[in-house]
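Here is the note you asked for, with the structure placed first. The points take the internal spaces, then a strand, then the packing.

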Amino acid sequence: MRKLAALSLVLALCLPLRALAAAPNENKPQARPNRPRIELVFAIDTTSSMGGLIQAAKTKVWSIVNQISTGKPTPEVRMGLVAYRDRGDQYVTQVSDLTNDLDAMYSKLMAFQAVGGGDGPESVNQALADAVNRISWSEGASAMKIIFVVGDWPGHMDYQDDQKFPVTTQQAVRKNITIHTIRCGNNAEAETQFKEIAAKAEGRYFSIEQSGGAVAVVTPFDGDIAKLDGELRNSTLAYGGRAVREESKKKMAEVEATMAAAPAEAKAERASYASRAAKAAPSAVYGSADLLSAVEGGAVKLDKVAEEELPDEMKKMSAAERQAFLDKKIADRKAKQAQLDELNKKRAGFITEQVKKGGAADSFDAKVLDAVKEKSAKVGLTY
C-alpha cells in the first residue's frame with residue numbers, strides 16, 4: 001500500500017509538469033475565467049480584383065486586433081480565415097480554423113495573393129457554408145462570434161450542388177454567429193445580395209472603396225517599436241521535451257520571417273497588441289513553452305524542471321547560476337516591456353492627431369471595429 005501511495009504521489013507531481021511542456025491544440029479554446037472571448041472569421045474574396053483590399057488587410061489586421069484588445073476586461077481574441085474564389089480557379093475555398101495564435105494566422109494572411117477571377121460571381125455560398133460549418137466555434141452564447149464576408153461580386157445562385165446562403169444564415173443564427181458583409185467597389189448585384197445576407201444573419205452591411213480605403217499611418221516611433229518587439233520575441237526560453245523546444249524555436253523563427261516582410265504599420269501594431277496581450281496571457285505572445293513566463297507566473301518552479309527539459313544554455317549551469325540567469329532575463333524583459341509601453345503611448349497620441357486631420361471612417365478596419373464594438377456588451381466587454 002505504501003508503494004502504491006508513493007507512486008500515486010509521483011504521478012500527481014509529474015502530470016502538471018508534462019502538461020505544461022506539451023503544446024496545446026490551437027483549435028480548442030483555452031479556459032481562462034473572466035476573460036470575454038471574441039471569435040472573428042474573415043471570408044475574403046482573393047480573386048485578382050481584390051488586390052487592394054488584401055493589401056489593406058495585411059496592413060490593418062493587427063490594428064483591428066490591437067484595438068479590439070483594448071476592451072475591458074482584456075478579451076481573448078481568436079481568428080480564422082476563409083479565402084474564396086470560384087470553381088475553375090486554383091481553389092474554391094481555403095479554410096484556416098480559429099486560433100489564438102494570431103502570429104500564425106497573420107502568416108497565412110500574408111501568403112494570400114489576389115489571382116484569378118475576372119468572370120463575375122464568385123463562390124460566396126461555399127465560403128459562407130465553410131465559415132459557419134467548418135470552423136470550430138465555441139459552443140453557446142458565451143463568446144462573440146462574428147463572420148465578415150468581404151468581396152466585390154455576388155455569389156453564384158445557379159450552382160445546383162452547393163448550399164445557398166438563406167440556409168447557411170439560418171444555421172449561423174442558431175449557432176449565435178453574426179454575419180456582417182463588406183462590399184468593395186460599387187457592384188449593384190453584390191450590394192443587393194450582401195445586404196440580404198447581413199439582414200438574415202443579424203449583421204450589418206457596409207460598403208467601402210475597392211482598395212479597402214485603409215490609410216496607413218507611419219509614425220516616428222515605428223522603427224524603435226518594431227526593434228523592441230523583436231527583442232522581446234527573442235527573449236523566449238523554450239523548455240520541456242526536445243520536440244517541444246524545437247517546435248517553439250521553429251515557431252519563433254516563422255514569426256520573425258513573417259514580420260520582416262510585414263508593412264511598417266503592421267509591425268508596430270503587432271508590437272502594441274503583444275505588449276497588452278502578454279500581460280493578460282503570456283502564452284499568446286511567447287508560446288506555451290516559455291520558461292520565463294511559466295516561472296514568473298508561478299506555473300512551475302525552476303528547481304522542479306528536469307535538467308533535460310531546460311533550455312540548452314542553462315543545462316550546464318549550477319542551480320544558483322540558473323536562478324541568476326533567469327532573474328536577469330525576467331528583469332530585462334520587464335525593462336524592454338516598459339520601454340515599449342512608453343513608445344506605444346507616444347505612437348497612439350501621434351496617430352490620434354493624424355486621424356483628426358484626415359479621418360478614415362469608411363475604411364475596412366473602421367467598419368470591422370464598429371461591428372465588433374456594437375455587440376461587445378453582450379459578452380461583458382466595454383470600450
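1. Two elements, β2 (76–84) and α9 (264–280), each give at least two residues to the lining of the largest cavity. The model is a predicted one, with local features requiring pLDDT of at least 70. The space in this largest cavity comes to about 90 Å³. Its lining consists of 12 residues, and those closest to the centre are Arg35, Glu76, Val77, Tyr273 and Ala284. Sorted by class, the lining of the largest cavity holds 6 nonpolar, 3 polar and 3 charged residues.

2. How many cavities of 30 Å³ or more does a search of the whole structure find? The search returns 5. The second largest cavity has a volume of about 60 Å³, and around it stand Val61, Trp62, Val65, Met79, Leu102, Met105, Tyr106 and Leu109. Two or more of its lining residues come from each of α2 and α3 (102–110). The biggest contribution to this lining is that of α3, with 4 residues. By class, the second largest cavity is lined by 8 nonpolar residues, with no polar and no charged ones.

3. Strand β2 deserves its own entry. Its residues are buried in 9 of 9 cases. The cover applies to both faces: on one side Glu76, Arg78, Gly80, Val82 and Tyr84 are buried, and on the other Val77, Met79, Leu81 and Ala83 are buried too. Glu76 and Val77 are also among the residues closest to the centre of the largest cavity, while Met79 belongs to the lining of the second largest.

4. What is the sense of the pairing between β1 (residues 37–45) and β2? The two strands run parallel, and 9 bridges join them. One of the residues involved is Leu40, whose bridge partner in β2 is Met79.

5. The largest nonpolar core has 57 residues, and the members that touch the most others are Phe42, Trp62, Tyr106, Phe148, Val150, Phe364 and Val372. Helix α2 (residues 51–68) is the main contributor to this core, supplying 8 residues. Apart from this core there is a second, separate one of 21 residues, including Val124, Leu128, Val132 and Val149.

6. Trp62 appears in two of the points above, as a core member and as a lining residue of the second largest cavity. Which residues does Trp62 touch, leaving out those up to four places away in sequence? They are Leu102, Asp103, Tyr106, Met259, Ala266, Glu269, Arg270 and Tyr273. Of these, Leu102 and Tyr106 also line the second largest cavity, and Tyr273 is one of the residues closest to the centre of the largest cavity.

Terms used: Residues numbered from 1 in each chain as written. Predicted model: local features only at pLDDT ≥ 70, side-chain atom pairs only at ≥ 80, totals over all residues. Heavy atoms only, no water. Core = buried A, V, L, I, M, F, W, Y, C linked by side-chain atoms within 4.5 Å. Buried < 20%, exposed > 50% of the residue type's maximum accessible area, 1.4 Å probe, protein only. Contact = heavy atoms within 4.5 Å. 1 Å grid on protein atoms, 1.4 Å probe; cavity = no way out; pocket = protein on both sides within 12 Å on 5 of 7 lines; lining within 4 Å. Points joined across faces, edges and corners; volume = space filled by probe spheres on them. Nonpolar A, V, L, I, M, F, W, Y, C, P; charged D, E, K, R; others polar. Pairing = 2+ DSSP bridges.
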